[in-house]
Amino acid sequence: MSRIAAILRRGFGVVREHVGTDHLGNKYYLIPEQKTWTGRIVRAKRIVEAANAKEYEYMEGSIPMEWDAWIRGRRKEPPSIEELLKNESNREQIKTKAKEVEEKDRALLAKEYKEGLVATPARTAAKGHAAATSFDKQEFNEEPTSTANAFQPGSWMPTSKKD
């Protein structure tokens, strides 16, 4: 009987309810909780049908945050169009305010440098860490030498540890 049910399910498709579509063209569906013919309960699923169906074309941000939260079950109700528009405008306002604050901060810092209230960042030519013994000393790079042609097996003897 399970084969017949599987064939019928494949033939008629799983009953899914269209919940909404976002501004990118992604469609969101809810497959309600169902009871199989054996009495087993299949829990509800939330799926998205991407506007660009190729998986390798998916990029972060292809699904709005509100819809992502609904798909993952973090929220019970799907987002409304008004909520999406409101959140998008809030994000844009935050971005513009952040740019304004950053520009003001740069201008204030430049003014403080000009007036001498803040020391300009020093440009150091020294290499290495200040705690190193070779800090600010000239580095000598020698090309590695090989003893491959002159090496004799058994000619090297380790030094004694008693020294």
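**Aromatic contacts and a surface patch**

In this predicted model, the count comes to two aromatic pairs, where rings of Phe, Tyr and Trp (its six-membered ring) pair if their centres lie within 6.5 Å, with planes under 30 degrees apart called stacked, over 60 edge-to-face and the rest tilted. Tyr-28 and Trp-67 form a stacked pair, at 4.0 Å centre to centre with 5° between the planes. Because Tyr-28 lies in strand S2 (residues 27–31) and Trp-67 in helix H2 (residues 65–71), this pair ties together parts that are 39 residues apart in sequence; helices (H or I, at least four residues) and strands (E, at least two) are DSSP runs, numbered from the N terminus.

Trp-67 also forms an edge-to-face pair with Trp-70, at 5.7 Å centre to centre and 85° between the planes, and both lie in helix H2, three residues apart, about one turn of the helix. Ring pairs thus link Tyr-28, Trp-67 and Trp-70 into a cluster.

How buried or exposed is Tyr-28? Tyr-28 is buried, with a relative accessible area of 0%, and Trp-70 counts as buried at 2%, where buried means under 20% relative accessible area, exposed over 50% and partly exposed in between (1.4 Å probe, protein chains only).

Turning to Leu-109, this residue is in helix H3 (residues 81–115) and is partly exposed, with a relative accessible area of 35%.

As for the basis, residues are numbered from 1 along each chain as its sequence is written, and side-chain values use heavy atoms, with hydrogens and water left out. The model being predicted, local features need pLDDT of at least 70 and side-chain atom pairs count only at pLDDT 80 or more, while totals for chains, interfaces and linings use all residues.
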